[in-house]
Amino acid sequence: FSGVAKDAKIIAVQVFSRVDDQELCGKRPAPCLQSLSSDLQSAMIWVIDKSDEYEIASVNMSLGAGAFSANCDGDGDWFGVAFYMGQLKQLGIAPVAASGNDGNKMGISAPACISSVVSVGSTSKADVVASNSNSASILDLLAPGVDIYSSLPASGYGYNAYAYLSGTSMATPHVAGAFAVLKS
């Protein structure tokens with residue numbers, strides 16, 4: 001089991017916070033995990049600061065919120081994230097984000113809606129767009145995201161745990177990995 005970019009090294013950056021407020025958790029029971037725009041900004045600043053130390057090809061963001069039919073660079077919640085995504089792009093680091101899994105055909109999630117981000121929807125191995133993949137005219141790419149054999153966190157599963165998973169969070173790493181291969 002080797003993934004898309006076999007020789008690439010991965011740097012994991014924590015962008016999730018525990019949220020105890022049920023209203024902020026929405027449909028999920030509290031406590032829940034959420035990635036706030038401030039968390040993403042901090043992570044992007046860290047990546048920018050480390051870009052001289054590490055050869056970073058791309059940033060994979062298999063997360064998202066909302067539904068935007070147009071670029072969201074000027075949206076109050078995403079303005080700061082958009083600024084740092086633009087900085088990454090200027091450094092030659094591809095910011096790549098999942099479009100979301102709500103089946104929305106008129107809007108994609110943030111941060112995928114940011115103009116400097118490569119937004120990714122999902123397809124099946126038969127090259128059919130997945131019914132739950134968010135889409136809009138601003139969507140950049142589609143990648144395999146249905147029944148992808150993927151690794152699972154070791155905690156609770158033991159080592160070498162894998163399963164078939166689906167969603168734009170399975171498609172996005174294909175694109176981020178492709179950037180790593182191209183950059184090498």
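Tutor: Contact here means heavy atoms within 4.5 Å. The model is predicted.

Student: Which elements do the buried residues of α3 pack against?

Tutor: Helix α3 covers residues 79-90. Its buried residues are Gly80, Val81, Ala82, Met85 and Leu88. They pack against α2 (37-50), β3 (58-61) and β5 (94-98).

Student: How far does α3 reach from its first C-alpha to its last?

Tutor: The helix has twelve residues. At 1.5 Å a residue, 16 Å is expected. The span in the model is close to that, at 17 Å.

Student: Which residue with a positive phi follows α3?

Tutor: Look just past the helix, which ends at residue 90. The phi there is near 85°. The residue is Gly92.

Student: Is Gly107 buried or exposed?

Tutor: Gly107 sits in the loop between β5 and β6 (108-110). Buried means under 20% relative accessible area. Gly107 has 0% relative accessibility, so it counts as buried.

Student: What separates the C-alpha atoms of Gly107 and Ser69?

Tutor: Leaving aside neighbours within four places in sequence, Gly107 contacts Ala67, Phe68, Ser69, Asn134, Ser135 and Ala136. Ser69 is 38 residues from Gly107 along the chain. Their C-alpha atoms are separated by 4.2 Å.

Student: Why does Val13 count as partly exposed?

Tutor: Val13 is found in the segment before β1 (17-19). The partly exposed class lies between the 20% and 50% cut-offs. Val13 falls there because its relative accessible area is 33%.

Student: What accessible area does the nonpolar surface patch with Val13 have?

Tutor: Val13 shares the patch with Ile11, Trp46 and Tyr54. Together they have about 330 Å².

Note on methods:
Residues numbered from 1 in each chain as written. Predicted model: local features only at pLDDT ≥ 70, side-chain atom pairs only at ≥ 80, totals over all residues. Heavy atoms only, no water. Patch = residues over 30% accessible without salt bridge, like charges linked within 9 Å, V, L, I, M, F, W, Y side chains within 5 Å. Areas by Shrake-Rupley, 256 points an atom, 1.4 Å probe, with all protein chains shown as cover. Salt bridge = Lys/Arg side-chain N within 4 Å of Asp/Glu carboxyl O. Helix = DSSP H or I, 4+ residues; strand = E, 2+ residues; numbered from the N terminus. Buried < 20%, exposed > 50% of the residue type's maximum accessible area, 1.4 Å probe, protein only. Expected span 1.5 Å × (residues − 1).
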